[in-house]
Amino acid sequence: MTHGWAEPLLGEEIRRIAVVGAGYVGLPTAAVLSSRGHFVTVAERDKERYQNLRDGLSSNVEQGLDELLNESMAAGRLKVVNSAAAAVVDAEFVFLCVETPQNEDGSADLSFVTGAAMEIGPKLATGTIIVNKSTVPMGTVGLIEQVIGRPDIVVVSNPEFLREGSAIADSFNPDRIVVGASDREAAAQVAKLFCNFQSPVVITDATTSELIKYASNAFLATKLTFVNAMASLCEVVGASADDLVLGIGYDKRIGFEFLHPGPGWGGSCLPKDTAALVAIAKSAGFDAEIVRAAIDGNQEHMKRVADKIRVAVGGEIRGSTIGVLGLTFKANTEDRRNSPSISITQRLVDMGAVVKAYDPSVSSTSAEATDLAHLTVCNSPYEAMKNTNAIAILTEWPMFRELDFVRVRESVATPVIIDARNILDVETLKRLGFSYSSVGRQ
Ligand code: UDX
């Protein structure tokens, strides 16, 4: 073992596990379980992703993932197949890690979950435990049981709380492990797969387990909308968001996590899960007003950031060129789904600006993507900032802190920086002659 995160299980039962879906959740799950000594078969039906995996490439930039996958493959504990039906034959546990895209009304589209259940149902060996990791509405475990239609098969909920970019580290050190099922013995067996992670285990019923995932993400989203609103309030009353975060974060009941003001929250989970929670609550006759307010507040915040950029270039943005640093929804991922940067740059273009952008994860080939059609992708941060009327930092990639702003100062048309991630040093930039604004700071 070279990665130092895990050692194969000693004295624990080695299990045969299938993982259906090799995406952001499935791959780290497969990597972690196989690194613990279990025999894992991953099913991926997307041809390109399947082939990449066979070649030892995970096709996402998750730190430590390829290393773990390759180690397990070389040790014969991990194999990749292209159909769920083939993966599950003789598995003792089947992890469902398929997508649950968002329907137009915000609810979750369960067709991939039910499709996978239909495909694997007849192939499962008696006693197999199905573990659903996909984020699904309350009652889906029961739905999967219905689709499978076999009394000898138990379905368990085991939501995933990992963050993109640190999924492997999160998987080895989860804050908690949640398992939900009506069959407590099956739930305990699933919990045992993760037993020496030294994390607290919450065993509950399936419905509560499913809701825990939505409630966690809704809470985090609400906390972010709150801190972004406080940062905006700091701006209008002349207070400091940096000091405000210190002043409230030291209160252990509040804590510092998820308290960093930014351009708004995004990604593949928080927006989708908050919308789903509102839709689920509504269909059950409950108005999840606080979550709706968090979603609306986030939209307003992104508008405010775009407007801040307009104001920074003098009030009329039409005809201005804005150099944008960062397109992904956060650093250390290549994911641009629901990225605040995409939403804000689109708004700038709608207001008549020209946007040039650089992101370390966007290569010249991926620059053709439709979500980037409104802007020009540059090959270097310096190229993106050259001859611009303002620079907007929209993702907190560490490399942006290291840029040579003396060089940048010489190449821009107007020295204006809007740092929507609060990652740069105000004094240094002001000394260099930049007009500098950020979120919640004077
Ligand atoms: C999130 C949850 O953290 C994870 O538990 C869940 O399983 C999936 O959704 P992820 O989507 O990877 O994970 O992103 P996360 O790191 O949580 O960030 C979400 C958004 O909040 C990003 O847009 C990020 O930039 C923003 N954010 C986060 C802030 O603006 N400030 C912060 O302090 C933290």
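Helices and strands are here runs assigned by DSSP, a helix having at least four residues and a strand at least two, and they are numbered from the N terminus. With that in mind, histidine 38 can be placed in the loop between helix 1 (26–35) and strand 2 (39–43). The model in which this loop appears is a predicted one.

**The chain as a whole**

The chain contains 16 helices and 14 strands, and its C-alpha atoms fill a box of roughly 70 × 50 × 40 Å when the box is taken along the principal axes. A compact globule of 442 residues would have a radius of gyration near 22 Å, and because the chain has 23 Å, the value agrees with that expectation. Of the 442 residues, 54% count as buried. If one takes the contacts between residues at least 6 apart in sequence, 72% of them join residues at least 24 apart. The surface that the chain exposes comes to about 19,500 Å², of which carbon and sulfur atoms supply 53%. As for charge, there are 41 positive and 54 negative side chains, and the centres of these two sets lie 2 Å apart.

**Helix 1 and the loop after it**

How many of the residues of helix 1 are buried? The count is 10 of 10, so that the helix is described as mostly covered, given that buried means under 20% relative accessible area. Among these buried residues are Gly26, Pro28, Val32 and Ser35. Helix 1 is followed by glycine 37, whose phi is positive, near 105°. In the loop that leads on to strand 2, histidine 38 has a side chain with a polar atom 2.9 Å from the backbone nitrogen of arginine 15.

**Two buried residues**

Histidine 38 and a residue of helix 12 can be set side by side, each with its relative accessibility.

| Residue | Relative accessibility | State |
|---|---|---|
| Histidine 38 | 1% | buried |
| Valine 291 | 7% | buried |

Both residues count as buried because the cut-off is under 20% relative accessible area, and their values are 1% for histidine 38 and 7% for valine 291.

**Valine 291 in helix 12**

Valine 291 has its place in helix 12, which covers residues 289–312. Which residues does valine 291 contact, leaving aside its neighbours within four places in sequence? They are Ala218, Thr274, Leu277 and Val278. Leucine 57, by comparison, is 234 residues from valine 291 in sequence, and the C-alpha atoms of the two residues are 38 Å apart in space.

Definitions and conventions: Residues numbered from 1 in each chain as written. Predicted model: local features only at pLDDT ≥ 70, side-chain atom pairs only at ≥ 80, totals over all residues. Heavy atoms only, no water. Rg over C-alpha atoms; globule rule 2.2 N^0.38 Å. Buried < 20%, exposed > 50% of the residue type's maximum accessible area, 1.4 Å probe, protein only. Contact = heavy atoms within 4.5 Å. Areas by Shrake-Rupley, 256 points an atom, 1.4 Å probe, with all protein chains shown as cover. Lys, Arg positive; Asp, Glu negative; His and termini not counted. Charge placed at Lys NZ, Arg CZ, Asp CG, Glu CD. Polar contact = N/O pair within 3.5 Å; in protein donor to acceptor, adjacent residues only side chain to side chain.
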